[in-house]
Amino acid sequence: MRAPVGGEGFRGPGGTLTTKNNTVNIGNMTTEDAKDSTLSRAERLRHRSAARREAQRGRLRDLLLTVAEDQLLAKGYSGFSLREVAEATQYTPTTIYRHFRDRDALIEAVLNKWFNQFASALAEADRTQADPSERMLSIGDAYLRFALSQPARYRVMFLDRPDIGVLPDGLGLRDDPAFGVLLRACEALCAAGEGGHHEPTSLAMMLWLAVHGAASLAVVSTILDARAAQHLGLGIVHLMLRGLRVTG
């Protein structure tokens, strides 16, 4: 998560000064205007041209990510083609390489977006409940809904190339935004005396295995449909919580 950038300001005769986003409004003048006033005409043109190029670069990167996302959802990892992304955007592969070092780097950028959405869905479900057991069930339900609402997305995230989405060296499970939600819920369960004899990390892995297993069966086979996977996945979580109460 990125903290918003802000700053303090003051009100003076020319208007309000604020350092947010590096913009200072004093009357109708901004810092960009003030900077331009001290530059030569050629320098101003170079400065504005550089700003336009940076904006264009950002728009192109967003376009590449959007097209890559559509390609992954339609064709999966094995069918993903950088050349087809180039054709769809009408840019050359060389242009794409200026933004992403290779095919997997572009895929990883899309996966980062999806994993952030996944973590947000779990965190939102966690916030809806106060009781530790209900938190576990709510997170499990959100996990399954996320997986089963777009099975093609889930397949790419967890099944096709799970090594792409691994955490960087030096980071642990607690640092993973999604697994961190599970882990904190399990810590609350243990603190309430409902975790049996298990450590929070072990409980979080149990919960993940339960819902991931049900979701994966629905995604990669015809053994379970989405409705059955949702029902059975949550059923396993219920049984797990009941067993923890007995052994606790």
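Me: What pattern does the protein follow when read along the sequence?

Reply: Read from start to end, the pattern is β-β-α-α-α-α-α-α-α-α-α-α, and the protein has 10 helices and 2 strands, where helices (H or I, at least four residues) and strands (E, at least two) are DSSP runs numbered from the N terminus. This is a predicted model, in which local features need pLDDT of at least 70, side-chain atom pairs count only at pLDDT 80 or more, and totals for chains, interfaces and linings use all residues. Residues are numbered from 1 along each chain as its sequence is written, and side-chain values use heavy atoms, with hydrogens and water left out.

Me: Why is helix 8 called oblique to helix 9?

Reply: The axes of helix 8 (residues 177-191) and helix 9 (residues 200-220), which are lines fitted to C-alpha atoms over the stretch in contact, with angles from 0 to 180 degrees between N-to-C directions, come within 8 Å and cross at roughly 125°. Angles under 35 degrees count as roughly parallel, over 145 as roughly antiparallel, 65 to 115 as roughly perpendicular and the rest as oblique, and therefore helix 8 is oblique to helix 9.

Me: Which residues of helix 8 and helix 9 make the contact?

Reply: With contact meaning heavy atoms within 4.5 Å, helix 8 contributes Phe179, Leu182, Leu183, Cys186, Glu187, Leu189 and Cys190, while helix 9 contributes Pro200, Thr201, Leu203, Ala204, Met205, Leu207 and Trp208.

Me: How do the residues of this contact divide into nonpolar, polar and charged?

Reply: There are 12 nonpolar, 1 polar and 1 charged, given that Ala, Val, Leu, Ile, Met, Phe, Trp, Tyr, Cys and Pro count as nonpolar, Asp, Glu, Lys and Arg as charged, and the others, Gly among them, as polar.
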